[in-house]
Number of protein chains: 2
Amino acid sequence: MSSENRGLTERKKQILKAIVDAHIEGGEPVGSKYILQNRQLNCSSATIRNEMAELEDMGYLEQPHASAGRVPSELGYRFYVDSLIERYAMTTNEIAQINALLKAKMGELDQILLAASNLASSMTNYTGIAIKPKINSVSIGKFDTIFLEPDHYILVAVDSENNVKSKHLHTDVPILTQNSVAKLARVLNLYMTGLSAEQITLPIIMKMEADMGSESALVSDAIKVVYDLLNESDSGEMRVSGIDRLLQYPEYSDVSQLQALLGTLEKKEDILNLVSQSENEDISVVIGSESQVKVMNNSALVFKPIVKDGKTLGAIGVIGPRRMDYAKVLATLEGLSGNIENMIHSNKQLNGGESDGGK
Amino acid sequence: MSSENRGLTERKKQILKAIVDAHIEGGEPVGSKYILQNRQLNCSSATIRNEMAELEDMGYLEQPHASAGRVPSELGYRFYVDSLIERYAMTTNEIAQINALLKAKMGELDQILLAASNLASSMTNYTGIAIKPKINSVSIGKFDTIFLEPDHYILVAVDSENNVKSKHLHTDVPILTQNSVAKLARVLNLYMTGLSAEQITLPIIMKMEADMGSESALVSDAIKVVYDLLNESDSGEMRVSGIDRLLQYPEYSDVSQLQALLGTLEKKEDILNLVSQSENEDISVVIGSESQVKVMNNSALVFKPIVKDGKTLGAIGVIGPRRMDYAKVLATLEGLSGNIENMIHSNKQLNGGESDGGK
DNA sequence: TTTAGCACTCACTGCTTTTGAGTGCTAAAA
DNA sequence: TTTTAGCACTCAAAAGCAGTGAGTGCTAAA
């Protein structure tokens, strides 16, 4: 279908762009007359009508009903996004806003992502999303233990990404001492450093238990925790902000549309999948039913992965009606992600993990 | 106003209850005839009309317009909730469901709360909220450090609640060694154990720096982190689930109502305040504009704090239309919170903190 | 004090009419 | 061959309007 794009005359492109722009702005179907008045084109409304009819035949436009104006089709939006857009230049004002607000929230990546999604939402006036993808190729880096009381200790595990995970443990081993837990840490470090979840095999566990002697019970506790931490904790997560903004767009005044979209946002899996399937590091634009997510028929999702050292740490994006101000959205996400990546790169103190109990 | 409640005759109470019940069920204004047919009362519709007129004078009922039926007022709901309700007994089925699902999610309190809010939402069919209040009286329990590379280490802090917080640090101290960071941990433990954020004074910091000798730079890094961790990390948080459920109730088909409510849910502060202001450990029911949150005019919020050893660890609740099935909601929250508190008490392994990097 | 009866109110429904934005087509102009 | 002007046609949406009925308040009788 992209071969057809070449076939568009310059004037057709102009008209298509004009229609998309006008429809993004007003939300209503646009007619030939309106275009004639508001955009400069050296031809009459009749010509425009003819062109519009052809564009409709080619699949770029749709007509809600016979006597209404035209509305861009999915293909129309796609063409617009891919080739017609003039990247929206962010004002210095907006850049300053981004910096100020991101700095205020600096800290863990998670908070940055959340803040960025909030910003994206408020700057574009659509709904923002922050995504932390599932990371599954993590291996263990280092262990430490902290002795608390004769039946409590804390196990701290650092993974290969230098993320810290810790868990408060209770044990029934008779007399737990500072030495026991220190020994546990030594043993765990000795045998498990560099292993991923799959590589933790029974022989290894048995060797560790042997080394721990009478306190071998600690090992199985620890293993369980390590396993959980490697597998579960970093399952993908997604946060949504600015849902209320959706309501200002007439396309969601139809309750069933809104309900469907909100349901998808609640479930999260669909969108998480969509985002994690995208391989490239660039901005992705998913318009309507291009994706398998049926529910998004009337909506569009734009997202940008946050990448550091070739690793995808997360993504930010916005969701809104199909007639989205793509230029602005693209520029905003681009700007935000650039800022985030800069922050991550420039300030090493931030790039590891921070964590706090029970969060 | 509760003195007036006493003045209600038994029949008035019955009629009021009948009206609230009917309105909760159907959502429509209820008329005298409907009550006569569907609830057993030994009187005619005319009598009911008279009583209804009086109840309206007394402020328990409202009339949307002259020829419509009656709708319970805020006061009416309040009276209903306070005195008429027959606590909804949860079916064993539902209890089993709670247990199964909570167990699956067991782990940190945060996840439990979130799972509980999801459950509350799906069981009651309203929107669920999970709240972790601001904790500000935390002091430092213990420190540990983990050496990674000559310019990286991880600082682990355990607070008085045995929550673990950790942060990945980068340092410029010339040659960072395993010993340096171990020494840092010893010094921090020596001087700061038991202190709260306010108690960290300059003399203490200077003593620690003196003890660290040439590596005194590490101290100021650590202090900054500790300070941040104590203050920031446990700021209140609130998660919302099941927003889409709101849409099935006709009171939110008015977009402005919905928008207002969603806005409040987004902002979070209002609700967080509301919840943290409530002192008692029981279920609270906030109906409409009883609270200062203007936006909730048409809605009701029911929440139950989760308490352990006299400390409020969080809260779960639901938000929905004012005509909420209070009996069911109260029973569900009661049941859920009981389960959560049991889990926390019975399984020491869970009650500490778990944390994972970057979450 | 309760009930039956009755006039009254008013949102809602379904119907027709009007309006007007927008089209497609044809024939003239470029 | 392409563009334009003109005109008839379409059809959703708005406006107007009568009829319906659930529900009320009030009065007078039980």
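The following exchange goes through DNA contacts, salt bridges and one sheet in a predicted model.

Colleague: Which element gives the largest share of the surface near DNA strand D?
Modeller: Around DNA strand D there are 21 residues, and A:S44, A:T47, A:S67, B:S32 and B:R70 are the closest. Of the strand's atoms that come within 4 Å of the protein, 81% are sugar and phosphate. The largest share of the surface, four residues, is given by α4(A).

Colleague: How does the surface near DNA strand D divide by class?
Modeller: The residues fall into three classes, nonpolar, polar and charged. The counts are six nonpolar, 11 polar and four charged.

Colleague: Which residue has a polar side-chain atom 3.4 Å from a base oxygen of DNA strand D?
Modeller: Two other side chains go to phosphate oxygens of DNA strand D: A:R11 places an N or O atom at 3.0 Å, and B:S32 has a polar atom at 2.8 Å. The elements giving two or more residues to this surface are α4 (45-58) of chain A and α4 (45-58) of chain B. The side chain that lies 3.4 Å from a base oxygen is that of B:R49.

Colleague: Turning to DNA strand C, which element gives the largest share of the surface near it?
Modeller: DNA strand C is surrounded by 20 residues, with A:S32, A:R70, B:S44, B:T47 and B:S67 the closest. At least two residues of the surface come from each of α4 of chain A and α4 of chain B. By class the surface has six nonpolar, 10 polar and four charged residues. The largest share, four residues, belongs to α4(B).

Colleague: What residue has a polar side-chain atom 3.2 Å from a base nitrogen of DNA strand C?
Modeller: Sugar or phosphate makes up 76% of the atoms of DNA strand C within 4 Å of the protein, and bases make up the rest. Backbone atoms take part too: an N or O atom of A:A68 is 3.5 Å from a sugar or linking oxygen, and a polar atom of B:S44 is 3.1 Å from a phosphate oxygen. The side chain at 3.2 Å from a base nitrogen is that of A:R49.

Colleague: Which residues are linked with A:K12 in a network of salt bridges?
Modeller: A:K12 pairs with A:E51, their closest N and O atoms being 3.1 Å apart. This pair joins helix α2 (residues 10-26) to helix α4 of chain A, across 39 residues. A:K12 has 8% relative accessibility and A:E51 has 5%, so both fall under the 20% limit for buried. The residues linked with A:K12 in the network are A:R11, A:E51 and A:E54.

Colleague: Is A:R323, the salt-bridge partner of A:E251, buried or exposed?
Modeller: The two side chains meet at 3.0 Å, N to O. A:E251 is in the loop between β7 (237-241) and α11 (255-267), and A:R323 is in the loop between β10 (311-321) and α13 (326-346), 72 residues apart. A:E251 is buried at 16% relative accessible area. With 6% relative accessibility, A:R323 is buried.

Colleague: In the salt bridge between B:E62 and B:R322, which residue is partly exposed?
Modeller: The side chains meet at 3.9 Å, N to O. The pair spans 260 residues, from strand β1 (residues 61-62) to the loop between β10 (311-321) and α13 (326-346) of chain B. B:R322 counts as buried at 12% relative accessibility. The partly exposed residue, with a relative accessible area of 38%, is B:E62.

Colleague: Which strands stand at the edges of the open five-stranded sheet of chain B?
Modeller: The sheet has the order β7-β3-β10-β9-β8 with antiparallel pairing. The twist averages 20° from one strand to the next. Because each edge strand has a single partner, one of its sides is left without a neighbour in the sheet; these strands are β7 (237-241) and β8 (284-287).

Colleague: Which residue of β7(B) stands opposite B:I131?
Modeller: Strand β3 (residues 127-132) of chain B runs antiparallel to β7(B), and five bridges join them. The residue opposite B:I131 is B:M238.

Colleague: Which backbone oxygen does the side chain of A:T332 reach?
Modeller: A:T332 is in helix α13 of chain A. A:T332 counts as buried, at 1% relative accessibility. At 2.7 Å, its side chain reaches the backbone oxygen of A:K328.

Key:
Residues are numbered from 1 along each chain as its sequence is written. Chains are lettered from A and ligands numbered from 1 in the order in which they are written. This is a predicted model: local features need pLDDT of at least 70, side-chain atom pairs count only at pLDDT 80 or more; totals for chains, interfaces and linings use all residues. Side-chain values use heavy atoms; hydrogens and water are left out. A residue is near a molecule or strand if one of its heavy atoms lies within 4 Å of it. A polar contact is a pair of N or O atoms within 3.5 Å; within protein, one must be able to donate a hydrogen and the other to accept it, and residues adjacent in sequence count only if both atoms are side-chain atoms. Ala, Val, Leu, Ile, Met, Phe, Trp, Tyr, Cys and Pro count as nonpolar, Asp, Glu, Lys and Arg as charged, and the others, Gly among them, as polar. A salt bridge is a side-chain nitrogen of Lys or Arg within 4 Å of a carboxyl oxygen of Asp or Glu. Buried means under 20% relative accessible area, exposed over 50%, partly exposed in between (1.4 Å probe, protein chains only). Two strands pair if DSSP finds at least two bridges between them. Axes are lines fitted to C-alpha atoms, for helices over the stretch in contact, and angles run from 0 to 180 degrees between N-to-C directions.
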